[in-house]
Amino acid sequence: METRSLKLSFFWHMHQPDYRGSDGIMKMPWVFLHAIKDYYEMPWLMSLYPGLKATFNLSASLIEQLRLYSDPLKYDAFLSLWIKYPADLGVSEREWIVKLCTSTQYETMVRPIERYSELYYQETFSDEELIDLEVLFFLAWCGNYLRTQNDRVKALFLKKQGYTQEDKKALLNSLSGFVQEILPFYADLQRKGMISVSTTPYFHPILPLLIDMENGSRANSATKLPENAYSLMEDAREHVVRSIALYESVFGCKPSGFWPAEGAVDEKSIGLYNEFGIKWIATDEAILQRTLQNNSVTSHYKPYKFDGVTIAFRDHGLSDLIGFEYRHMEGIRAGDHFIEALHQIALREKNPHVFVIVDGENAWEFYPNNGLDFFNGLYGALSSASWCKTVTMDEVSLKSKSMLLDHIAPGSWIHGTFDTWVGHPEKNRAWELIFETRRAVEHYSSSNTVSEEIRYHLLASECSDWFWWYGEDHYTEFSFEFDALFREHLIQIYRLMGRDVPSHLWDTIISDAALKPTTSKPHNMISPQIGNPKSPFFEWVGCGVIDERGGFSTMDRIRGPIDIIYYGYDDASLYVAFVGLVTGSRDMQVAVTIQETEQRIILEPKAVRNRLEFSLSREFFDANTSLHLRFELLQEETVIQTMPANGFLVLELDDHFTNDWFI
């Protein structure tokens with residue numbers, strides 16, 4: 001059959017929450033780090049392939065903070081400490097520097113840099129070692145553009161170790177200047193028609209929940225809602241207005257499109273976008289399926305329109321391949337796999353339009369070379385596919401015919417619900433504090449003028465990111481810092497009003513349960529009987545544990561049936577048990593990939609109640625004692641889950657179990 005034409009719209013979403021405290025200083029450095037790694041690099045990589053187009057979303061809070069790096073030491077708390085000579089740091093300051101400098105993804109960012117790998121697991125550092133750690137931390141975060149085009153970065157990579165305070169100063173000066181080039185670069189590419197740039201409501205709020213908290217239970221009837229909630233439509237409107245004004249100040253025109261924070265939509269929020277002239281938005285295919293009340297795998301291959309706004313519904317499967325799966329493949333192979341998937345759609349559908357929407361910054365730290373090999377494979381393959389045309393979202397809204405929808409189901413791009421931001425007691429408590437503070441402001445406003453500072457902190461408290469880290473569905477070692485930032489906004493509101501701060505605002509929202517590590521290493525050898533329903537589970541006592549439910553950090557996906565991985569070994573074999581929704585499952589296989597030997601072994605697991613158990617002989621490991629394993633759960637030869645979610649299972653077979661530790 002002859003291939004028909006296909007349109008493809010890439011949409012890369014860039015966002016960081018507002019890390020500024022009440023003093024206007026950013027408390028964490030993730031804007032700076034992703035700026036030197038991803039924000040310039042992503043459009044630059046695409047620009048190397050003439051004819052390719054894409055859409056990039058820059059959230060308003062990200063834009064605001066990027067502009068602050070014209071004076072980095074004034075506005076970034078981490079940089080103001082990083083630049084000091086180590087001997088001048090206080091004990092807690094030194095500990096914080098070490099905590100951040102050893103938070104980098106190990107396998108892909110630390111391990112390739114020999115000196116960084118040597119220092120990474122140290123517990124104490126001399127001043128000279130700490131300078132090396134600080135410099136290598138920044139170098140590890142430098143993307144391929146800086147590694148190949150920036151003379152200072154290239155020279156410091158060649159130096160390898162023995163860095164000086166002068167090296168630090170020169171590096172920071174060079175990187176800060178580079179950050180100032182990012183927004184003009186996007187503006188230039190947009191003027192040339194190579195990309196379109198959209199934005200997001202100002203502080204990245206979940207607009208449907210602000211407008212009507214009942215949307216939480218409409219999307220999932222089992223979701224428990226916070227008490228004393230009421231509509232914050234005025235705030236929702238202000239988030240949109242402020243974002244449009246900021247965008248216009250940077251790009252010289254109003255935005256045509258918005259990425260609703262987390263793809264969260266409902267009918268009232270879409271009406272708000274239309275009210276302010278927004279032509280298009282995008283979200284997940286799950287929203288369309290719930291709107292149409294069918295699970296068709298083809299209905300999302302066209303743009304739609306509701307209330308005058310064009311809507312793109314992403315292909316969830318293709319998007320997740322880029323976000324989570326292709327990091328395990330060689331670049332050219334991944335590019336070919338993606339093209340073949342598009343080719344099959346083109347053969348099957350009539351003039352399809354495929355929307356691939358992916359987090360544009362957090363995936364690449366799990367890819368080798370920050371995704372360079374993958375993007376060269378992907379963009380190279382697309383450049384050779386004459387039947388596939390890439391188009392921007394601005395072009396979609398202007399030129400494409402859209403199917404009309406008479407209603408739309410509320411939901412987000414994560415599982416089609418709002419459960420990531422509401423329902424858990426911690427998430428609900430955060431909302432209740434917002435509503436409580438909002439009522440206090442309304443009472444205050446009856447006899448006082450509400451200042452811009454108060455409005456700023458109210459809107460900032462509504463950022464989706466605070467709720468992301470509450471509960472057990474996501475994990476970060478910086479959870480207390482995020483919690484403190486959220487509560488600080490509310491505390492500052494009371495101070496600005498001249499009111500006593502309610503005592504409960506000083507208490508952390510985070511429970512002890514949320515602090516449990518998601519991964520732990522084996523404490524001793526185990527030799528369980530595999531597949532024996534009468535075998536006591538205490539045979540697994542002392543095994544390693546990986547909780548896949550908390551394994552997602554800044555990214556999320558539909559996980560699959562497995563919740564927990566138990567694993568351990570003895571002198572003869574590796575033993576693994578997958579625990580989850582597998583009762584009654586049939587025809588499942590497990591593919592085990594061993595990175596060191598490049599083997600992919602297919603096994604038939606034994607089903608024991610809610611567990612799938614299997615063993616693997618250590619003969620497959622050859623003489624290796626340090627191994628990196630990845631598991632794929634297969635059903636009818638289709639991969640339904642890849643584990644661990646955030647990389648590899650690391651095995652150290654010569655471990656004598658003298659210490660407990662976490663990966």
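Is lysine 53 buried, exposed or partly exposed, and what is its relative accessibility? I looked this up to open my notebook, keeping in mind that the model is predicted. Lysine 53 has 23% relative accessibility, so it counts as partly exposed.

**Entry 1: a long-range pair**

I then asked what the side chain of lysine 53 meets. I found a salt bridge with glutamate 395, at 2.6 Å from N to O. Lysine 53 sits in the loop between helix H2 (41-47) and strand S2 (54-58), while glutamate 395 belongs to helix H22 (residues 393-399), so this pair ties together parts that are 342 residues apart in sequence. I checked the partner's accessibility as well: glutamate 395 is at 17%, so it counts as buried. The cut-off I needed here is that buried means under 20%. A friendly reminder to myself: side chains of opposite charge can pair when their charged atoms come close.

**Entry 2: two more pairs**

Next I looked at lysine 192, which forms a salt bridge with aspartate 188; their closest N and O atoms are 3.1 Å apart. Lysine 192 is exposed at 56% relative accessibility, and aspartate 188 is partly exposed at 25%.

After that I turned to arginine 429 and glutamate 432, whose side chains meet in a salt bridge of 3.9 Å, N to O. Both lie in helix H23 (residues 425-445), three residues apart, which means about one helical turn separates them. Arginine 429 is partly exposed at 32%, and glutamate 432 is partly exposed too, at 21%.

**Entry 3: the wider count**

How many salt bridges does the structure hold? I noted 30. Some residues are linked in a network of salt bridges, among them Glu234, Arg242, Arg438 and Arg455.

**Entry 4: a sheet**

I moved on to the strands. In which order do the four strands of the open sheet stand? I wrote down S4-S6-S5-S9, with mixed pairing. Strand S4 (280-284) and strand S9 (403-404) are the edges, each pairing on one side only. S4 runs parallel to strand S6 (residues 309-314), and five bridges join them. Looking across from one strand to the other, I found isoleucine 281 opposite isoleucine 311 in S6.

Last, I checked what packs on this sheet. Helix H18 (residues 285-292) does, touching S4, strand S5 (304-306) and S6. The direction of H18 makes about 85° with that of S4.

Technical notes:
Residues are numbered from 1 along each chain as its sequence is written. This is a predicted model: local features need pLDDT of at least 70, side-chain atom pairs count only at pLDDT 80 or more; totals for chains, interfaces and linings use all residues. Side-chain values use heavy atoms; hydrogens and water are left out. A salt bridge is a side-chain nitrogen of Lys or Arg within 4 Å of a carboxyl oxygen of Asp or Glu. Helices (H or I, at least four residues) and strands (E, at least two) are DSSP runs, numbered from the N terminus. Buried means under 20% relative accessible area, exposed over 50%, partly exposed in between (1.4 Å probe, protein chains only). Two strands pair if DSSP finds at least two bridges between them. Contact means heavy atoms within 4.5 Å. Axes are lines fitted to C-alpha atoms, for helices over the stretch in contact, and angles run from 0 to 180 degrees between N-to-C directions.
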